[in-house]
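Colleague: I would like a close look at one part of this model, taken slowly and with the terms explained.

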Amino acid sequence: MAVRRLNHAVLYVRDTDVAVEFYTHTLGFEVTAAHPGAVFLKAAGSANDHDLGLFAVGAGAAGPTRGQVGLYHLAWEVGTLGELLDVGARLQERGAIVGATDHHVSTSIYAKDPDGIEFEVMWRVPAEDWDGEARNRQLDLEAAVARWGTDRATGAAAGSST
């Protein structure tokens, strides 16, 4: 199986209204369809009918538990460091950020939605700048911007099919 990219993700949430407000206002998703207990959203500029599905399971539902079998997080790619900075600022305003890492091949901000579901927003470091040593270190966005600028497109935004 040659996976080209993830087409969409579906999440169980306690309240679709709360989740929709978060994903639309913080990450810029747009609602494409809504049904009782289920809402479908797509990312700005996406050619998909939806990129994210949200299914309500009720206010009393248990939240994600770290270290148990299940999904750890989703990662969404942005095209430029400027976009990562913008998303990071919106996540910071909501107190949603739980970490930030320089993965050597990507710069990543980690956050949690209102249900405690963790996700990553990342920008791909240009492949020619990978030095071959995989490692994680604290993200220094100022240094990344000084090196690559805010408008350099990489990954899908630069035409990568994966």
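Why does Val121 count as buried or exposed? Please also describe the helix that Val121 touches through Leu84, Val87 and Leu91, among others.

Modeller: This is a predicted model, in which local features need pLDDT of at least 70 and side-chain atom pairs count only at pLDDT 80 or more, while totals for chains, interfaces and linings use all residues. Residues are numbered from 1 along each chain as its sequence is written, and side-chain values use heavy atoms, with hydrogens and water left out.

Val121 counts as buried because its relative accessibility is 3% (buried means under 20% relative accessible area, with a 1.4 Å probe and protein chains only). Val121 lies in strand S8, residues 118-124 (strands are DSSP runs of E, at least two residues, and helices runs of H or I, at least four, numbered from the N terminus). Not counting residues up to four places away in sequence, Val121 touches Leu84, Val87 and Leu91, as well as others including Trp76 and Ile109 (contact means heavy atoms within 4.5 Å).

Leu84, Val87 and Leu91 are among the buried residues of H2, as are Leu81, Gly82 and Gly88, and the buried residues of H2 pack against S8, H3 and other elements, including helix H1 (16-27). Just after H2, Gly95 takes a positive phi of about 70°.

Helix H2 (residues 81-93) packs with helix H3 (residues 141-148) at an angle of about 155°, their axes 10 Å apart (axes are lines fitted to C-alpha atoms over the stretch in contact, and angles run from 0 to 180 degrees between N-to-C directions). H2 is therefore roughly antiparallel to H3, a term for angles over 145 degrees. Leu81, Leu84 and Leu85 of H2 make this contact with Leu141, Ala144, Val145 and Trp148 of H3.

How values were computed
Parallel < 35°, antiparallel > 145°, perpendicular 65-115°, else oblique. Buried < 20%, exposed > 50% of the residue type's maximum accessible area, 1.4 Å probe, protein only.
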